[in-house]
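User: I am new to this structure and would be grateful for a close look at a single part of it. Please take one strand, describe its surroundings, and follow the path from there to the largest pocket.

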Amino acid sequence: MKRYLYFIITLGFLMLWSSCRKDFEFSPSTGSLQFSKDTIYLDTVFSNIGSSTYNLKVYNKTDDDISIPSVGLALGEASNYRLSVDGIAGKSFNNIEVLAKDSLFIFVETTVNINDFTPNGNYIYTDQIEFDSGSNLQTVELVTLIQDAVFIYPERDGTTKVIETLTLDIDGELIETELQGRELSPTELTFTNDKPYVIYGFATVPNGETLTINAGARVHFHDNSGIIVSNGATINVNGAFSNDQEALENEVIFEGDRLEPDFADVPGQWGTIWLLDGSLNNTINYATIKNSTIGVLSDGNPSETNDKLTITNSQIYNSSSFGILGRNTSITGENVVINNSGLSSFAGTLGGKYNFTHATIANYWNAGFRQFPSVLLNNFVLDEDNNATIADLTEANFNNCIIYGNDNPEFLLDEIEDASVVFNFKFTNCLIRFNDTNNSFTGANYDFDDTTKYEGIIFNQDPNFKDSELNELIIGDDSAANGQGLSTLASQVPVDILNVNRTASPDLGAYQHITFPEDD
């Protein structure tokens, strides 16, 4: 009896409760929707590359539960935009319900082939999201700038669908790799500034050929992509000084293929510019290399008359591993700026030959723990069994440089001593962060009174960078580097990276100092 009575009471309560509810009585919307924005600007994307996903919030601020009779793209199924409403993908939707005082998210993305609209250049692609129709019609505009580009990508087998991979000449042995990519054809060996280049996989410069990249060129890389310069091949990056330091109209810029602002400074978006052992006479002038895994990886050729790589007036930022990694190689750098590297900004490993004059090599990495200093020099490599291969560090000269960062110390000399090899280096007139408070670094390599290794060094004084977190490493009036350069060295690089003459009173690093505006 008690069970029966309990059942009757419960049933009566439920019937009474349900008869009082109006929550599920939805009225048609009357054109009174409100939106988080009236226009959605999807940032610039390359032709045929999908955009990021953007969101729109639709508000029902009335006291009534409403149903929107129709939501869809004005161009319908022909539109290149895609919507997701309430987790359902499509281009048109019916009877979308929104509770009183509640809201709805709509997600938008696009992929556009520019050749469907115009044969060249840029194209503004537009559409609308339409809510309801007739007198109740409300719209939100969609706008995207589509940029045309030259696309370089590996072939895909028509039958197996397997993407082409590379066979590389490594130390004279042909090695089949799993790297996706292909060799550049003769017609692809000059990159101009007419259109950006977008590279999928590794574009390889063949033996005996030269890749020439003209001033003002823009080179973009997809994930796990880059440029490989083969044995017997060369790359010449021929940028020039830009009068407009915002537009950098003559700079050659290497970066990822995501153009949205959220990706502007994200490390590790692409691979590297890899100079294989045997590639010769490589030059990089007025280039910006950003957001890679390794900015430049240079292997072998430590004893060439002309250094394997000469890099001048160039900036390397936001490398998830190394800015420049040299492995038993030869590099000359002048007016080089490197910052924000997950490991070292410059590492000369397994010996080699390195000469940097008026370089700013800094590391203000803040995306996690950093294992290595801004500058690392060693003379060995370890195999999987921890056996060391040792080679000569023929020379490593840093002249009129700044070596600094947010860690201490910011340079490390890691030598395996062996009578059969040399470990030659010298720092001349440099500002360096190195404060050995625990006396952890001893031995001849850290004898700072030895003028054959150290001369004119300023330790642990403020370089007064404009904004190291924003990669603005020009120095100000209060920099300890001001006027501290050796004139005989400055005469070898008479103008700074901004084309300012430095010979009268040379500052250390790649920049002559400026007076910062008061709000800086």
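**Strand S19 and its surroundings**

Analyst: In this predicted model, three bridges connect strand S16 (residues 197-199) with S19, and the two run parallel. Within this pairing, Tyr197 has Val219 of S19 as its bridge partner.

S19 itself covers residues 218-221. In a regular strand, side chains alternate between the two faces of the sheet. The residues of S19 can be read in that light: Arg218 and His220 point one way, whereas Val219 and Phe221 point the other way. All four of these residues are buried, which here means that each has under 20% relative accessible area.

S19 is also joined to strand S22 (residues 252-256), by four bridges, and these two strands again run parallel. In this second pairing, Arg218 stands opposite Ile253 of S22. S19 is therefore paired with both S16 and S22.

S22 leads on to the largest pocket, since S22 is among the strands that each supply at least two residues of its lining; the others are S25 (287-290), S27 (309-319) and S42 (472-475). S27 gives the largest share, four residues. The largest pocket holds about 980 Å³ of space. Its lining consists of 35 residues, of which Gln245, Leu248, Gln315, Tyr317 and Leu470 are the closest to the centre. Sorted by class, the lining comprises 17 nonpolar, eight polar and ten charged residues.

Technical notes:
Residues numbered from 1 in each chain as written. Predicted model: local features only at pLDDT ≥ 70, side-chain atom pairs only at ≥ 80, totals over all residues. Heavy atoms only, no water. Buried < 20%, exposed > 50% of the residue type's maximum accessible area, 1.4 Å probe, protein only. 1 Å grid on protein atoms, 1.4 Å probe; cavity = no way out; pocket = protein on both sides within 12 Å on 5 of 7 lines; lining within 4 Å. Points joined across faces, edges and corners; volume = space filled by probe spheres on them. Nonpolar A, V, L, I, M, F, W, Y, C, P; charged D, E, K, R; others polar.
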